[in-house]
Amino acid sequence: MAQGVFPLVPRRRVIGLAFGGVRSARRGVGSDVASSREYRPGDDVGWMDWAASARLSAARSDDEFIVRERFADEAPRVIVVCDRRPSLGIGASPLRTLDKPRALLAAIELIGTSARAARSLSGYVDHAFGEPWWLPPRSEHRVEPHTFDRPFRAPADTVSLALEHLGEHRRDLPTQSFVFVLSDFLVPPDERAWQRALEHRWELVPVIVQDPGWERTFPDVGGVSVPYADPRNGRVVPVCLTRREAAELRDRHEERWNMLVRSFRALGLEPVVVHEHDPAAVLGAFLRWADLRVLARGLVA
């Protein structure tokens with residue numbers, strides 16, 4: 001595997017465009033042997049299994065030839081759904097370790113690089129201005145440069161809107177296309193929208209971008225004045241919480257996190273968890289996800 005990419009591991013064999021590097025259920029040109037059969041006129045001599053041919057010829061006392069059939073190497077489409085609500089625009093600070101915009105950009109760049117390594121077509125959609133901004137996967141273009149200056153003004157239901165939009169473009173997203181959904185999911189996912197997307201037999205991958213100290217849990221800041229920035233306008237105001245209020249927020253955030261992970265696993269989805277913006281850490285999160293996919297399929301890495 002090339003440096004700085006992760007493998008696109010499907011939950012099942014994919015059927016897509018015959019130009020990529022993911023194993024398919026369809027027979028064709030590829031690296032993995034699917035079965036063997038007797039030679040037929042027109043078969044490529046390179047498919048010949050000479051050892052098996054020799055054994056069969058000896059057993060039948062006649063010239064017999066066996067060829068190997070292989071699974072075709074095919075590439076899925078890859079789509080990035082980017083949540084650009086105000087909460088995803090929160091940067092790092094002396095009290096926050098995660099810069100969400102940088103984490104989003106690192107993830108988008110990594111997904112794009114990995115798609116190109118697999119020779120996949122990639123696309124992008126967000127609702128930064130309330131309307132869909134859609135780059136369909138029709139060429140091997142880079143989607144990352146288009147995302148640098150996109151604002152964080154999307155509505156609360158932006159993920160559901162994006163999934164519904166993709167459902168209207170089924171011709172661009174055949175069965176088992178990869179759809180990476182990047183969000184902090186502080187607005188709980190609409191399970192009906194996700195169920196409808198799963199009915200299209202896409203490879204849905206939630207990518208959770210949350211600050212580990214302030215969103216997955218909450219620090220013990222009772223009795224301390226903490227500067228809070230409103231993500232909608234950037235205004236900073238001091239906030240002082242009691243120890244009881246801080247403990248209640250911690251319990252609430254941890255329960256929200258547990259419910260989020262449980263809801264995705266109930267849908268049969270294993271999320272990618274991003275809690276750092278460093279590109280190496282983002283790569284590590286996607287590699288862990290890929291390893292879990294491999295284990296779930298019972299494959300040998």
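**Leu249 and its surroundings**

I looked up Leu249 and found it in helix α5, which spans residues 243–266. The model is a predicted one, and I read every entry below in that light. I noted a relative accessibility of 18% for Leu249, so I entered this residue as buried; the cut-off for that class is under 20%. I then listed its contacts, leaving out residues up to four places away in sequence, and recorded Phe218 and Leu241. I also checked Leu249 against Thr217: their C-alpha atoms are separated by 7.7 Å, although the two residues are 32 apart along the chain.

**The chain as a whole**

I turned next to the totals. I counted 6 helices and 10 strands in the protein. Of its 301 residues, 45% are buried. Among contacts with a separation of 6 or more, I found that 72% join residues 24 or more positions apart. The protein exposes about 15300 Å², and I noted that carbon and sulfur atoms supply 53% of this area.

**The open sheet**

Which order do the 6 strands of the open sheet follow? I read the order as β5-β4-β3-β6-β7-β10, with mixed pairing. At the edges I found β5 (133–135) and β10 (272–274); each has a single partner strand, so one side of each lacks a neighbour in the sheet. For the turn between neighbouring strands of this sheet I recorded an average of 15°, direction ignored. As background, I kept in mind that strands of a sheet pair through backbone hydrogen bonds, either parallel or antiparallel.

I followed the pairings of β3 on both sides. To β6 (residues 178–183), β3 (residues 78–82) is joined by 5 bridges, and the two strands run parallel. To β4 (residues 122–126), β3 is joined by 4 bridges, again in parallel. I used Ile79 as a marker: its bridge partner in β6 is Val179, while in β4 Ile79 stands opposite Gly123.

I then moved along to β6 and β7, which run parallel and are joined by 6 bridges. Here I noted that Leu182 stands opposite Val207 of β7.

**Burial of β3 and β7**

Why is β3 largely enclosed by the rest of the structure? I checked its residues and found 5 of the 5 buried, which means that the strand is largely enclosed. I sorted them by face: Val78, Val80 and Cys82 lie on one side, Ile79 and Val81 on the other, and all are buried, so I marked both faces as covered.

I repeated the check for β7 and found 7 of the 7 residues buried, so this strand too is largely enclosed by the rest of the structure. On one side I listed Glu203, Val205, Val207 and Val209, and on the other Leu204, Pro206 and Ile208; both faces of β7 are covered.

I also looked for what lies across the sheet strands. Helix α6 (residues 279–296) lies across β6, β7 (203–209) and β10, and I recorded its direction as about 160° to β10.

**Loop residues**

I looked up His200 in the loop between α4 (191–199) and β7. His200 has a relative accessible area of 18% and is buried. Not counting residues up to four places away in sequence, I found that His200 touches Gly167, Arg170 and Thr175.

I next examined positive phi values. Most residues other than glycine have a negative phi. Against that background I noted Arg119, whose phi is positive at about 60° although Arg119 is not a glycine. I located Arg119 in the loop between α2 (100–117) and β4, and its relative accessible area of 43% makes it partly exposed.

I made a second such entry for Phe185, with a positive phi of about 55° although Phe185 is not a glycine. Phe185 lies in the loop between β6 and α4. Is Phe185 buried or exposed? I recorded a relative accessibility of 3% and entered Phe185 as buried.

**A nonpolar patch**

Finally, I turned to the surface. Which residues make the nonpolar surface patch of about 420 Å²? I listed Tyr39, Val45, Trp50 and Phe65. I looked more closely at Tyr39, which lies in the loop between β1 (17–38) and α1 (50–60). Its relative accessibility is 35%, so I entered Tyr39 as partly exposed.

Note on methods
Residues are numbered from 1 along each chain as its sequence is written. This is a predicted model: local features need pLDDT of at least 70, side-chain atom pairs count only at pLDDT 80 or more; totals for chains, interfaces and linings use all residues. Side-chain values use heavy atoms; hydrogens and water are left out. Buried means under 20% relative accessible area, exposed over 50%, partly exposed in between (1.4 Å probe, protein chains only). Contact means heavy atoms within 4.5 Å. Accessible areas come from the Shrake-Rupley method with a 1.4 Å probe; for residues, only the protein chains shown count as cover. Patches are made of residues with over 30% relative accessible area and no salt bridge: like charges are joined within 9 Å, nonpolar side chains (Val, Leu, Ile, Met, Phe, Trp, Tyr) within 5 Å. A salt bridge is a side-chain nitrogen of Lys or Arg within 4 Å of a carboxyl oxygen of Asp or Glu. Two strands pair if DSSP finds at least two bridges between them. Axes are lines fitted to C-alpha atoms, for helices over the stretch in contact, and angles run from 0 to 180 degrees between N-to-C directions.
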